[in-house]
Amino acid sequence: MRAVLASPEKDRAVQGVTPEARACRAVGRQIAFFAEQACGSAQVFVIPVKNIFQLFLTALSGKGLKVAMIQEDGMVMDVQELGRLCAKFGFHPAREQLEPLSVYIGLLLKWNKVMNLVGFSSPRPLFEQLVLDSFYLAEFIAGLRRGVLRHVNENVLECWDLGAGAGLPGIPLRILWNEGNYALVEPREKRALFMRNVLAASPLPGVRVFQGRAEEFMPSRPPADIIVSRAFMPWRALLGFIEPYLAGGGLAVFLAKQAEPDELPPGWIQHCGMEYSVPAGNSTASRFFWAIGRNGLRD
């Protein structure tokens with residue numbers, strides 16, 4: 001594996017090794033974190049050398065240096081294989097979409113060995129159970145843009161992904177649908193660092209990672225046109241939580257395993273929904289999107 005590092009300060013030389021020194025201190029904190037997670041109160045622990053290198057790159061990313069992970073053979077899911085898997089479910093993304101998807105899946109599987117980001121360790125179940133949602137979500141949001149959100153200019157469209165985790169559904173979604181600005185909001189450091197590393201390897205226009213609580217993020221941005229939530233908090237609580245920050249005509253889009261509710265809190269309306277199926281053993285399981293907005297309000 002090789003790493004390409006680029007300073008964000010393009011117009012002046014880096015003085016000494018200050019960024020690297022800061023990164024090394026961050027590595028120490030990361031090592032302590034992993035030791036605590038892996039060993040509890042144990043006094044002696046072992047961290048493989050390859051993981052030390054990964055922690056160093058992670059720390060550099062967190063300190064503002066652009067880190068591009070260049071994967072050797074076997075570390076990235078094969079683009080042709082990924083294309084066949086997409087076609088199995090009726091999707092035919094362009095090669096310029098398949099390539100960053102392949103990189104994302106490869107990085108997620110690799111980092112998952114160290115950070116336990118998701119519950120899958122091989123490409124196919126990861127795709128079928130987590131990434132596939134983003135394909136349907138891209139179609140769903142594109143439909144909202146043709147309908148209830150058609151009044152919003154693409155250049156100012158504001159989208160938030162609250163509790164973005166390891167970038168699901170947000171990063172594959174943005175590879176497939178890339179209008180406006182999209183914020184991946186995640187309070188947990190290791191997940192935010194992972195997403196920053198993915199974006200360094202495969203930049204996605206208009207996408208940023210915010211590490212911190214949603215309460216800190218939302219007041220700092222223009223009102224949201226779309227807020228995506230996959231189990232960030234119970235849906236009723238989320239509607240009250242986001243209401244002050246939702247643009248007129250804006251929508252909360254929920255990813256759920258049950259159909260939309262029969263009744264909504266006063267002042268809210270269900271605009272549309274969608275049901276789709278994903279593999280579940282020898283059968284399939286239904287999943288749902290809901291698009292809920294405030295009743296009668298529009299900028």
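Helix 3 and strand 6 in a predicted model

User: In this predicted model, which residue caps the N-terminal end of helix 3?
Analyst: At the N-terminal end of helix 3, which spans residues 79-88, a side-chain oxygen lies 3.1 Å from the backbone nitrogen of Gln80. The residue that supplies this oxygen, and so caps the helix, is Asp78.

User: Why can the buried residues of helix 3 be said to line one face of the helix?
Analyst: The buried residues of helix 3 are Val79, Leu82, Leu85 and Cys86. Seen down the helix axis, these residues line one face because they fall within an arc of 120°.

User: Which exposed residues does the face of helix 3 turned away from its buried side carry?
Analyst: On the buried side, what covers the buried residues of helix 3 includes helix 4 (95-115) and helix 5 (123-146). The face turned away from that side carries the exposed residues Gln80, Arg84 and Lys88.

User: How many residues of strand 6 are buried?
Analyst: Strand 6 covers residues 224-229 and is largely enclosed by the rest of the structure. It pairs in the parallel sense with strand 3 (residues 158-162) over 4 bridges, and with strand 7 (residues 246-256), also in the parallel sense, over 5 bridges. The enclosure follows from the count of its buried residues, which is 6 of the 6.

User: Which helix joins strand 6 and strand 7 in making a β-α-β unit?
Analyst: Between strand 6 and strand 7, Ala224 has Leu246 as its bridge partner. The two strands, together with a helix of residues 235-242, make a right-handed β-α-β unit, and that helix is helix 9.

Methods. Residues numbered from 1 in each chain as written. Predicted model: local features only at pLDDT ≥ 70, side-chain atom pairs only at ≥ 80, totals over all residues. Heavy atoms only, no water. Buried < 20%, exposed > 50% of the residue type's maximum accessible area, 1.4 Å probe, protein only. Pairing = 2+ DSSP bridges. Right-handed = clockwise from strand over helix to strand, strands pointing away. Arc of directions from axis to C-beta. Contact = heavy atoms within 4.5 Å. Polar contact = N/O pair within 3.5 Å; in protein donor to acceptor, adjacent residues only side chain to side chain.
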